[in-house]
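Trainee: Got a minute to walk through this one with me?
Mentor: Sure. Put it up and we'll start with the strands.

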Amino acid sequence: MPRYDAMGDDAFDASPAHHTFGPPVIAGIRERAELGRYPIRGWGARRAVPDFDDLLLLTASASRYPLEGYRERCDTRTVLGGRRAGRPVVLDIPITIAGMSFGSLSANAKEALGRAASLVGTSTTTGDGGMTPEERSASRTLVYQCLPSRYGFNPVDLRAADAVEIVLGQGAKPGGGGMLLGQKVGARVAGMRTLPEGVDQRSASRHPDWTGPDDLKIKIEEIREATDWQVPVYVKIGATRVDHDVRLAVAAGADVVVVDGMQGGTGATQDAFIEHTGIPTLAAVRLAADALADLDLTGDVGLIISGGIRTGADVAKALALGADAVSLGVAPLIALGCNAPTYRLPAAGEAHADVGAGSEVDVRAEYTALGTAPGHCTHCHTGRCPVGVTTQDDALAARLDPALGARRVANYLRALAMETTMLARACGKSDVHRLEPEDLVALTVEAAAMARVPLAGTDWIPGR
Amino acid sequence: MCGIAGLHLLDPALRERLGSMVTGMLRGVAERGPDSAGVAIHDTGGLRVRKEVGDPLAFADRIDLAGQAGSRALAHTRMATESAVTAAHCHPFVAGTAPAADASLARPGALPLGGTQLCLVHNGSFANHATIRRRLAAAGVMTETDNDSEVAACYLATRLGAGDDLATALRRLTATFDGFFTLAVTTADSFAVVRDPIGAKPAIIAETDQWVAVVSEYRALLGLPGLADARVYEPEPEEVYLWAS
């Protein structure tokens, strides 16, 4: 809030973050005035909302005992969709890679994510625009998205999938459709989507053949029949009316519900959507877990949480609040090289660059040309990604070596799993899935109310 | 943190001496649990359970533990970890459905559990009992206190009600509960001991042809008749030791 300064000539504290018409607001108004349209960008909500950093774990001390790292068991195995599917998804770690489209990402990036997921025994997910052969062959466990647009969706790839995820919405833009600007609709992307090249593509915001859970039930049965009841069917929702939506997804027959909070990323969406719709992941996870518990389906219907997961601490807290697994989008892209000031060229004579080998090429000038800088870039929508992650330009895409990218992402996911088991062991758990809400306290009243755990140092849960 | 002592008689001739034997065992673990104490005695007339706050030795005197006869007994001295020091929070915890003649001894206010009645004493603490308590509640099994050990008693009773034998139920418990524990459990005809997968909390078993005893500390065995010839050993982690009469 602006603060009145009774002593100064400047009547108000002009801190940009708090000024009603601060410099960012002025710039935004000028942009709209000049272009006659809304700002578009990548990534998820950047405003400060209550999140997992507002929770703390009550690890063991005298009343409970920690488990030793490295020699005392702490399982991370995760089974999803065991309720109905003949072949449930079995993962080595409860940390998965979220759906991101070929189109939004380069083919190399998609391949790298698939390889990384396979290296650590987890799943990755397709996206709008369909499944690429590189992604399929690189991924041990591949979740095939069924989106409103149905771009690239076909029965052949459907039967090649290890799970199917029907996407109702995503956290960055619940209720909104996808967006892929013309500069990223190259020949291959256009071909897969049967669209003209170079034209802005708007994906549908709702499915063409069903609305509502009654008809979704029919759609899920259709997919089950097409896949011979072998693979789990996920339903992904952007977090808004989470309690209702989780119950309806279950009623429609979902094996797994994926709930994406407002911090969840996107390749390109209107800024107004990203910052002003949906609810924080922290609130969403508890609502979803409580809905499943109320239906007595905890553990039977899987719960995957996404939207702003960055660290093993985030993972541990999400699991404690009731998630069976988490899903990451933006963070693995950063592990690939997103927002790095350089990309790595393979050393001479080397087929692929190794971590720490080859030479670094400085691309800071390219970030500057985009009007941004390493560490601040959300220009995925432009297709001019200086590190080859979110581009369809062949020269830019070649900057990302899939093998090197895969090793970096696998390292990152392994580190997250280690952090998660470290914290679970400290809570005395022999399985990360045994973390529970009673292991948590909140630092703020807001987080306590959303997560329904006590404010630290009290036994007070707001609203209880 | 607590002390446990359990005694299972194989020789009916010792029936009148059960109370005095258990009193000596309780004395040996009293310092481990100065907050409160409890005993459960199985006798031909059924199950007698007494639990009180305060010094365990004074408690034993007050209830004339030494004068009590029976076929098997569990005793517990408590140093509370996370739940309150009240008689209701004391061990042994009784769960399950009592044999018809002993229906009055079933836990007051508890929903029918459908299993056989059992008594449980616990040294250690569980790390995931809140989740298991919620699962039991969802199935209609309500605990009376916020004590972690009570959750284990209710869990075992529920498993017995579902058709598990006691050994199977205990193995399932070790796979389901996190934390460190030595548990001694009695039913109308059985006596069992199990420890956590690490074997973190102490336990000593002594066996003769006349009796089987489990205690937290060796000194609690010292007054037992025939101890010199007993087979004395430390139970292995996660292994279920069970004697049926």
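**Strands, a helix and a contact**

Mentor: In chain B, strand β1 (residues 2–9) and strand β10 (residues 211–215) pair over five bridges, in the antiparallel sense. Keep in mind that this is a predicted model.

Trainee: OK. Which residue does Leu7(B) stand opposite in β10(B)?
Mentor: Ala213(B).

Trainee: And what order do the strands of the open sheet in chain B have?
Mentor: β3-β2-β4-β1-β10-β9-β11. That is seven strands, with antiparallel pairing.

Trainee: Which are the edge strands?
Mentor: β3 (46–53) and β11 (231–233) of chain B. Each pairs on one side only.

Trainee: What does the twist average from one strand to the next?
Mentor: 10°.

Trainee: Switching to helices. Which strands does α1 of chain B lie across?
Mentor: Helix α1 (residues 18–29) lies across β1, β2 (36–43), β4 (72–78) and β10, again in chain B. The helix runs at about 160° to β1(B).

Trainee: Now the contact with chain A. How many residues does each chain put in?
Mentor: Chain B puts in 13 residues and chain A 12 residues.

Trainee: Which element gives the most on the side of chain B?
Mentor: α3(B), with three residues. On that side, α3 (129–138) and β7 (179–187) of chain B each supply at least two residues.

Trainee: How do the residues on that side of chain B divide into nonpolar, polar and charged?
Mentor: Six are nonpolar, five polar and two charged on the side of chain B that touches chain A.

Conventions:
Residues numbered from 1 in each chain as written. Chains lettered and ligands numbered in written order. Predicted model: local features only at pLDDT ≥ 70, side-chain atom pairs only at ≥ 80, totals over all residues. Pairing = 2+ DSSP bridges. Helix = DSSP H or I, 4+ residues; strand = E, 2+ residues; numbered from the N terminus. Axes fitted to C-alpha atoms, helices over the stretch in contact; angles between N-to-C directions. Contact = placed C-beta atoms within 7 Å. Nonpolar A, V, L, I, M, F, W, Y, C, P; charged D, E, K, R; others polar.
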